[in-house]
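Colleague: I'm new to reading models like this one. Could you walk me through a few features?

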Amino acid sequence: MKLTKLSALGAAVLLFMGTACAQKKYDVIIGTYTNTGKSEGIYVYSFNEETGALTYKNKVGNVDNPSYLTVSPDRKFVYAISESGENSSVSAFNYDVATGAMSFINKQPSGGRGPCYVEIDHTGKFVFTANYGSGSLAAVPVLEDGSLGPDLQQIDHTGASMVKPSQKSPRMHSVVMDPENKFLIASNLGTDKIGIYHFDATKKSHPLTPADPEFVSLEPGSGPRHFDFHPNGKFAYSVHELDANITAFTYNNGKLTPVQTITMLPDNFEGKTGAADIHVSPDGKFVYASNRLDLNEIVIYSVDQSTGKLTFVGRQSSMGNHPRNFAIDPTGNFLLVANQNTDDIYVFKRNKETGLLTLTDNKLELGRPVCLKFVAVN
């Protein structure tokens with residue numbers, strides 16, 4: 001009888017441990033361009049964390065060029081910018097994490113022309129937009145029901161740099177919250193500056209003020225585009241669209257200090273480049289960055305854990321054209337690349353020891369994919 005009770009108890013413990021340690025499940029939300037007629041809006045696919053396979057789950061249509069997305073911390077809402085010229089906007093959607101269903105709530109002006117990036121703070125109280133066309137950024141309040149409020153803060157910029165026409169005026173290209181939710185990092189491709197803004201989450205509107213220093217300047221003609229923090233919060237990385245370099249920084253309470261600039265280009269390369277996206281692996285051991293135009297590849301670097309500096313590891317073809325965005329799944333096992341101009345998404349297996357990528361059999365054909373966001377569903 002005692003053995004039976006112990007066996008039953010052991011089985012219960014094992015069941016509990018199995019439930020507690022069950023692998024998380026993830027969806028991938030995909031933003032696209034709809035102006036070519038190849039896409040209808042925002043798509044949701046379930047992701048198999050063991051094989052890397054993508055399976056259609058849901059979509060929302062009648063959205064104009066929802067190219068870049070962000071998801072609220074509680075996973076109840078999705079926010080998407082619409083690249084629509086003078087009528088550029090940011091939209092809010094209800095999101096059902098169980099079914100992947102999305103429904104439109106409302107939209108507000110993006111605070112400028114040609115928005116290309118959207119971010120949400122870690123409390124879910126503000127959405128930030130980067131407007132490439134006008135070079136401005138904006139902070140849009142999020143109301144209790146997930147809708148976007150009208151009292152936005154728009155911050156305009158001035159200046160230019162040496163590469164025309166890309167740098168004939170300010171070109172805001174990304175806005176990224178720091179890990180502690182205290183500062184917003186704003187990459188301005190047109191002025192070769194990365195702006196730093198103090199963020200006050202207690203305010204109901206206008207939460208941004210310039211930090212001290214207000215920005216860090218990069219090499220003229222570099223064109224800072226996207227930015228990512230290391231998981232330790234002490235290092236950060238900027239990818240430059242125009243010179244195809246990456247700058248590594250140390251980071252401390254709103255202060256960025258450059259420690260290294262390293263090229264993405266092969267030796268003796270003379271073609272056209274357009275560096276695009278950058279991400280640090282979840283384990284913090286590697287940095288990945290994408291390049292477009294004549295290269296169309298992902299470049300891989302290892303990270304020195306004491307200094308944050310990078311060492312070249314290798315390069316992997318994106319298998320398509322114009323890898324504008326890519327994403328590493330939260331387990332760190334796979335890397336997904338969205339090739340905008342060939343209407344496809346490829347899945348690569350990631351070697352956690354070497355950082356190198358291996359093409360899998362998983363490929364998704366989807367019109368003009370631009371942005372990939374992983375969302376936990378359990």
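Colleague: Where is D200 found?

Modeller: D200 sits in the loop between β14 (193–199) and β15 (208–217). Strands here are DSSP runs of E, at least two residues, numbered from the N terminus. Mind that this is a predicted model, where local features need pLDDT of at least 70, side-chain atom pairs count only at pLDDT 80 or more, and totals for chains, interfaces and linings use all residues. Residues are numbered from 1 along each chain as its sequence is written, and side-chain values use heavy atoms, leaving out hydrogens and water.

Colleague: Is D200 buried or exposed?

Modeller: In between: buried means under 20% relative accessible area, exposed over 50%, partly exposed in between (1.4 Å probe, protein chains only). D200 has 25%, so it's partly exposed.

Colleague: And what about strand β13?

Modeller: Six of the six residues of β13 (residues 183–188) are buried, so the strand is largely enclosed by the rest of the structure. In a regular strand the side chains alternate between the two faces of the sheet. In β13, F183, I185 and S187 lie on one side and L184, A186 and N188 on the other, and all are buried.

Colleague: Which strands join β13, and by how many bridges?

Modeller: Two strands pair if DSSP finds at least two bridges between them. β12 (residues 172–177) runs antiparallel to β13, with five bridges; M177 has L184 as its bridge partner. β14 is also antiparallel to β13, with six bridges, and there S187 stands opposite I194.

Colleague: What's in the turn between β13 and β14?

Modeller: That hairpin has four residues between the strands, and D192 in the turn has a positive phi of about 60°.
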